[in-house]
Amino acid sequence: MKQSFYGGVHPHDRKELARHKEIAPLSAAPKQVVIAMSMHIGAPCKPIVAVGDHVKVGQKIGEIAGLGAPIHASVSGEVKAVEPRPYVGGGKAMSVVIENDFQDTWGSELTPHPDYSKLSTDEIVNIVKEAGITGMGGAGFPTHVKISSGIGKVDTVILNGAECEPYITADHRLMLEQGEKVIGGLRILLQAFGLQTGVIGVEANKEDAIEHLRALVGGRNDITVESLRTRYPQGAEKQLIQRITGREVPPGGLPAHVGCAVFNVGTAAAVYDAVVEGKPVTHRVITVTGDAIQEPKNLMVPLGVSFQQLIDEGKGFKEEPERILTGGPMMGIAQYDLNVTCIKGTNAVLCLTKKEAAPVVEEETCLRCARCVNVCPMHLTPVYMHLYAEKGMWKEAEALNVMDCIECGSCNYICPARIHLVQSFRVTKGELRALAAKEKAAKEAAKA
Ligand code: SF4
Ligand code: SF4
């Protein structure tokens with residue numbers, strides 16, 4: 001039975017800033033791109049080009065070195081450096097710096113398959129892998145691994161078009177302007193899983209996209225487009241599964257444990273590009289928005305373009321931003337260096353004015369109001385997890401399932417005492433992972 005998920009909040013969505021802006025190319029191609037070798041969950045890629053090499057658009061420049069997906073050049077030109085550069089996830093990451101020759105010489109080795117109906121599961125998985133596709137919603141999990149690990153377990157494929165984070169409109173525009181690719185990508189995914197039907201979930205605040213996708217599905221009854229109630233975090237994987245199928249992913253479990261695989265609509269479009277058109281991931285749609293931006297936009301951006309250039313594309317600041325984030329205001333990561341460059345998971349550059357940004361204030365004493373408990377979509381008890389975290393009682397916090405926290409920020413948003421709850425859960429999870437690694441190493445040492 002389909003169920004609405006527990007908890008959640010209703011932040012003002014501010015999508016009106018960019019929702020009607022068509023996806024546009026950059027007004028000027030970048031002179032240089034800095035392509036980070038860390039674009040996914042797992043091990044960073046190993047650069048396979050050297051300074052002085054000439055590369056083409058779509059040419060592989062980073063090879064998998066463990067769990068991951070290869071990385072391709074987004075412009076043609078000369079490799080000027082292979083070195084650590086400022087990274088959107090914090091610190092520095094090994095990067096390939098390419099000086100654009102503005103020739104756009106194409107160099108992908110993928111073969112287009114306009115008729116994909118005869119491709120086997122293995123062939124589709126291999127194309128998705130070679131195309132370097134990762135979760136385009138921001139999670140960055142390698143898509144080929146999600147498909148291959150779900151074969152035989154998954155009976156329901158869901159596309160996530162919820163885009164529940166305020167301000168961001170990249171997926172909305174993609175569904176409106178490249179809906180054929182979204183639908184086609186889902187049909188390819190269904191073929192890979194050996195399934196006949198799939199579902200696309202879209203929040204009701206994108207009624208035009210829902211109608212458009214339904215029209216594209218047409219008379220075929222293989223795909224259902226579901227209108228979802230607008231409530232944050234509707235687009236979180238476990239909440240989406242519960243809403244669409246009524247199944248609850250158990251604590252510590254994965255979607256495949258309840259027979260589901262969830263892909264972002266952008267990921268489906270990337271699958272279509274790879275399989276049908278033979279194109280690896282070299283570009284993505286990014287929303288540049290926030291009240292501090294002169295002209296909010298949705299842009300088709302080559303990977304490796306700097307945040308500074310994206311802000312310039314939005315005609316710069318109309319007001320000094322209080323905070324710049326990659327992603328939305330609920331889960332986004334603050335940026336302090338505009339030389340960082342976009343990666344496959346970058347869906348937005350958000351520039352907030354002082355008025356828009358939640359003020360950085362001193363925490364007050366917890367009021368024991370339980371509002372954080374009431375909004376937590378994972379049925380957690382943030383107030384108690386935070387108490388343990390403050391005292392460094394990591395194991396006690398673990399017993400309250402802190403590892404299941406999806407860091408959605410709903411508790412932070414609602415807390416009247418402005419306690420930095422999510423930050424303390426991130427620290428707690430880091431400590432618990434370090435403890436687990438230590439315990440594992442000690443066990444292995446004892447066996448040796
Ligand atoms: S505890 Fe985690 S999952 Fe629950 S509301 Fe807070 S951030 Fe979201
Ligand atoms: S919402 Fe904030 S003040 Fe209320 S119980 Fe939770 S942590 Fe305490």
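Trainee: In this predicted model, which residue's backbone oxygen does the side chain of T245 reach?
Mentor: Start with the place of T245, which is helix 6. The model is predicted, not experimental. The side chain of T245 comes to 2.7 Å from a backbone oxygen. That oxygen belongs to I241.

Trainee: Which backbone nitrogen does the side chain of T245 reach?
Mentor: The T245 side chain has a backbone nitrogen at 3.0 Å. A polar contact needs N or O atoms within 3.5 Å. The nitrogen is that of R247.

Trainee: Is T245 buried or exposed?
Mentor: The relative accessibility of T245 is 17%. The cut-off for buried is under 20%. So T245 counts as buried.

Trainee: Where is P233, in which loop?
Mentor: Look just before helix 6, which spans 237-245. Strand 11 stands on the other side of the loop. P233 therefore sits in the loop between strand 11 and helix 6.

Trainee: What is the omega of the peptide bond from Y232 to P233?
Mentor: Most peptide bonds are trans. The bond from Y232 to P233 is cis. Its omega is near 0°.

Trainee: Which residues does I223 touch, beyond those up to four places away in sequence?
Mentor: I223 belongs to strand 11, residues 223-228. Its relative accessible area is 7%, so I223 is buried. Its contacts are I183, L186, R187, G198, I200 and V217.

Trainee: How many Å apart in space are I223 and W394?
Mentor: Along the sequence, 171 residues separate I223 and W394. In space, take the distance from C-alpha to C-alpha. It is 44 Å.

Trainee: How many residues of strand 10 are buried?
Mentor: Strand 10 covers residues 198-203. G198, I200 and V202 point one way, and V199, G201 and E203 point the other way. Both sets are buried, so strand 10 is largely enclosed by the rest of the structure. The count is 6 of the 6.

Trainee: How many bridges join strand 10 to strand 11?
Mentor: Strands of a sheet pair through backbone hydrogen bonds. Strand 10 and strand 11 run parallel. One opposite pair is E203 and L228. The number of bridges is 6.

Trainee: Through which helix does the chain cross from strand 10 to strand 11?
Mentor: The path is a β-α-β crossover. Its hand is right-handed. The helix on the way covers residues 207-217. That is helix 5.

Trainee: Which residue of strand 10 stands opposite N160?
Mentor: Strand 9, residues 156-161, runs parallel to strand 10. There are 5 bridges between them. The residue opposite N160 is G201.

Trainee: Which strands stand at the edges of the sheet in the order 3-5-6?
Mentor: This open sheet has 3 strands, with antiparallel pairing. An edge strand has a single partner strand, so one side of it is left without a neighbour in the sheet. The edges are strand 3 and strand 6.

Trainee: What is the bridge partner of P47 in strand 5?
Mentor: Strand 3 and strand 5 run antiparallel. The two are joined by 2 bridges. The partner of P47 is G62.

Trainee: What is the phi of R368?
Mentor: Most residues other than glycine have a negative phi. R368 is not a glycine, yet its phi is positive. R368 lies in the loop between strand 17 and helix 9, and is exposed at 52% relative accessible area. Its phi is about 55°.

Trainee: What is the phi of H379?
Mentor: H379 is in the loop between helix 9 and helix 10. With 48% relative accessibility, it counts as partly exposed. H379 is a residue other than glycine with a positive phi. The value is near 60°.

Trainee: What radius of gyration does the protein chain have?
Mentor: The chain has 448 residues, and 55% of them count as buried. A compact globule with that many residues would have a radius near 22 Å. The chain agrees with this, at 22 Å.

Trainee: What percentage of contacts between residues at least 6 apart in sequence join residues at least 24 apart?
Mentor: The chain has 13 helices and 17 strands. Take its contacts between residues at least 6 apart in sequence. The share joining residues at least 24 apart is 73%.

Conventions: Residues are numbered from 1 along each chain as its sequence is written. Chains are lettered from A and ligands numbered from 1 in the order in which they are written. This is a predicted model: local features need pLDDT of at least 70, side-chain atom pairs count only at pLDDT 80 or more; totals for chains, interfaces and linings use all residues. Side-chain values use heavy atoms; hydrogens and water are left out. Helices (H or I, at least four residues) and strands (E, at least two) are DSSP runs, numbered from the N terminus. Buried means under 20% relative accessible area, exposed over 50%, partly exposed in between (1.4 Å probe, protein chains only). Contact means heavy atoms within 4.5 Å. Two strands pair if DSSP finds at least two bridges between them. A crossover is right-handed if, with the strands pointing away from the viewer, the path from the first strand over the helix to the second runs clockwise. The radius of gyration is taken over C-alpha atoms; the globule rule is 2.2 Å times the number of residues to the power 0.38. A polar contact is a pair of N or O atoms within 3.5 Å; within protein, one must be able to donate a hydrogen and the other to accept it, and residues adjacent in sequence count only if both atoms are side-chain atoms.
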